[in-house]
Structure formats: C-alpha cells, structure tokens
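Trainee: I should like a close look at a single part of this structure, followed outward to the parts connected with it. Please take one strand position as the point of departure.

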Amino acid sequence: MRFDPLDLELALAVAETGSLAGAAKRLGRALASVSGRMKAIEAACGVALFARHRRGLAPTQAGITFLEHARALSFAHARLRADMAEFAAGARRTVRVAANTGAADEHLPADLAAFLAAHPDIDVELVERPSPEIARAVAIGEADVGVAADTAELAGVRVYPYRADPLVALLPRGHALARRKAITLARLAAIPMVALDAESAQARLVEGQAAKLGLRPRIRARAGGFDALARFVAARAGVAVMSRVAAERACRSLPVAWVPLADRFARRRVVLCVRRMGGLSKPARALVEALRAG
C-alpha cells in the first residue's frame, strides 16, 4: 500500500469540501481524474473511506483514521520542504524548541531574548508541550531542542542541565503553615487546594504523587497559568503547588508566601534535551551552548 503526497492532499480536500467536485475545484484537477484517483486510493486501502450523505461525502470510521494519518504526513512533508528550503538558502536559521509550561513561562523568555539579541540571523520557534511528550518530539525530529522537567521519562535523548526548578507550596500571607521551614505534600493535600489545568504536566505530577500517597486533594478551582493560580491563593480560595521562580514573582505583587516542599519529587530540575550534539545545526548548537552557559 503506497500513497504519494498528492493522494493525501486529495483525501484531505474531499473531507474538507465534502465532495469530489469541491476537491477537484480546489486542486485544479478534472473531476473525472479526482474520482478515478479516489477510487484507486480506496481500492488500495481495501475499504471505503467516504460515504455519501444528503449533504455530500463524509468520512467513514476507516476514513477518519486515514485522514488523521494524512494530516500528520502532510504536516511532516511541509516541514521537510520548509527545512530543505532553509538549507538551500545557505544554512538553516530557525531552531525549533519544545518546552514545558514552566520553562516557557519562567526560564526561557529572558534567556531566549538575550540569545536572539546576540544572534540576529537566527530565529527561534517555541512551542509548549508537556514534559513527557518533549523527549519524543526531539527523538523523532519534531523539535531540535527540548526543555523539560527531569522528573519526566527522557529515554532516547541526550540530557544536559539547565536550571534548578523546585516545587514549593504557595499559601496566603499569614497562613499558619507559612511559618514552617518546609511542608510535605501530604500535609498540604489535607487543605483545600487550587491547581493548574488537569492536563498540565505539573498538575499530573503533583496529583499523581498525591495518589501514590493514597490522597485525593480537594481541588476547588483550576487555573490556566501561574499568575491566575497565585491570585486564587491570594484570595484565600486554597493553597497551591508551583515552581519556586513563579512563587517568588507572585510574592512581589500579591499577599502570598511560599514554603519549600519537603518531598523528594519536588527537588526537580529543568534539563535540555537533544538527539545528539553532533547532529545539531550550527544555530541549534549555538542555542544549546548559550542555555547551558546561562
């Protein structure tokens, strides 16, 4: 079973326009050619990819799966063309960085700003990913450099230190626990909490650790970022766990205080991930060296 990029483009056009005629018009091809090629694709798959409905063609279950792969392959093909175009122009200038939320919000902005100022010929494309997905993105070439928590599974990549990123408890100023030198997650989880979105890497880490202790914290509200989370704590909606650098920033503008978490998982670091240093482009290597030096 072999498909070329035009086959994938055709199937996607049929799905998006809802008809063979619409796909033919979009692609600038004859209707008979599009119809014949679509039949050949379905024959190669051994199953119908589209079914006719009152409003036109709609993908079958097999078609939905085919289209998911087609979109991924089309995206990869487009990236390949773009990457090769950069090399053809002289040297690749864009470095693709995948970073977790904490690194993207707290650590990277200043470091990337300094790097870009020092290297006006290099661009950086930054995307946020949960730490567990970052190593895979680097390993399969979706990202040149990853910035992830060392608590995640980082198999298949080379890892280099970047920043200490411990987790702390954030409490309203004057809270009884704010006078402690350290606090355990077990003690904190006995108090109503506020947390980041349930799909965020940090929320999964903290709530997963609580589950290992047989605890199920009462989460009163969830926030989309550290600033909103700190405002919940300042309003005494609950206590929270966040990175120390975010907590320190919150303390400068809100009536909150932070206390170190005593649990081992909280002593995390942010690390840099690459497939191998020798395989990096010169701009990507320059970025990694600058981040390591910082």
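Mentor: The residue to begin with is Val-147, which is placed in strand E5. The model is a predicted one, and what follows should be read accordingly. Val-147 counts as buried, because its relative accessibility is 0%, against a limit of under 20%. Leaving aside neighbours within four places in sequence, Val-147 is in contact with Val-97, Ala-98, Ala-99, Asn-100, Ala-103, Leu-108, Ile-134, Tyr-162, Val-270, Val-271 and Leu-272. Val-274 is 127 residues from Val-147 in sequence, and the two C-alpha atoms are 9.2 Å apart in space.

Asp-144 lies in the loop between H6 and E5. With 11% relative accessibility, Asp-144 counts as buried. The side chain of Asp-144 forms a salt bridge with that of Arg-96, at 3.2 Å from N to O. Asp-144 belongs to the loop between helix H6 (131–139) and strand E5 (145–149) and Arg-96 to strand E3, so the pair ties together parts that are 48 residues apart in sequence. Arg-96 is buried as well, at a relative accessible area of 7%. The backbone of Arg-96 also approaches this side chain: its nitrogen lies 2.7 Å from a polar atom of the Asp-144 side chain.

A further salt bridge joins the side chains of Asp-123 and Arg-93, with an N to O separation of 3.6 Å. Here too the pair links distant parts of the chain: Asp-123 is in strand E4 (residues 123–128), Arg-93 is in the loop between helix H4 (61–88) and strand E3 (94–99), and the two are 30 residues apart. Asp-123 is partly exposed, with a relative accessible area of 35%, and Arg-93 is likewise partly exposed, at 39%.

These pairs belong to a wider set, for the whole structure contains 11 salt bridges. One of them is formed by Arg-37 and Asp-7, whose closest N and O atoms are 2.7 Å apart. This pair links helix H3 (residues 31–45), which holds Arg-37, to helix H1 (residues 5–17), which holds Asp-7, across 30 residues. Arg-37 is partly exposed at a relative accessible area of 32%, whereas Asp-7 counts as buried at 2%.

A buried charge without such a partner is found at Asp-263. Its place is in the loop between strand E11 (256–260) and strand E12 (269–274). Asp-263 is buried yet has no salt bridge, and the nearest side chain of opposite charge, that of Arg-267, is 8.0 Å away. That separation rules out a salt bridge, because the definition requires a nitrogen of Lys or Arg within 4 Å of a carboxyl oxygen. A polar atom of the Asp-263 side chain does, however, lie 2.7 Å from the backbone nitrogen of Leu-185. Leaving aside neighbours within four places in sequence, Asp-263 is in contact with Ile-183, Thr-184 and Leu-185.

Strand E11, which precedes the loop of Asp-263, leads to an open sheet. This sheet has 3 strands in the order E10-E7-E11, with antiparallel pairing. Strand E10 (240–243) and E11 stand at the edges with a single partner strand each, so one side of each is left without a neighbour in the sheet. On average, and with direction ignored, neighbouring strands of the sheet are turned by 40 degrees against each other. Strand E7 (residues 167–172) and E10 run antiparallel and are joined by 4 bridges. Ala-169 stands opposite Val-241 in E10.

Helix H9 (residues 226–234) lies across E7, E10 and E11, and runs at about 145 degrees to E10. In the loop between H9 and E10 is Arg-236. Its phi is near 65 degrees, a positive value in a residue other than glycine. Most residues other than glycine have a negative phi. Arg-236 counts as exposed, because its relative accessible area is 54% and the limit is over 50%.

Terms used. Residues numbered from 1 in each chain as written. Predicted model: local features only at pLDDT ≥ 70, side-chain atom pairs only at ≥ 80, totals over all residues. Heavy atoms only, no water. Buried < 20%, exposed > 50% of the residue type's maximum accessible area, 1.4 Å probe, protein only. Lys, Arg positive; Asp, Glu negative; His and termini not counted. Polar contact = N/O pair within 3.5 Å; in protein donor to acceptor, adjacent residues only side chain to side chain. Contact = heavy atoms within 4.5 Å. Pairing = 2+ DSSP bridges. Axes fitted to C-alpha atoms, helices over the stretch in contact; angles between N-to-C directions.
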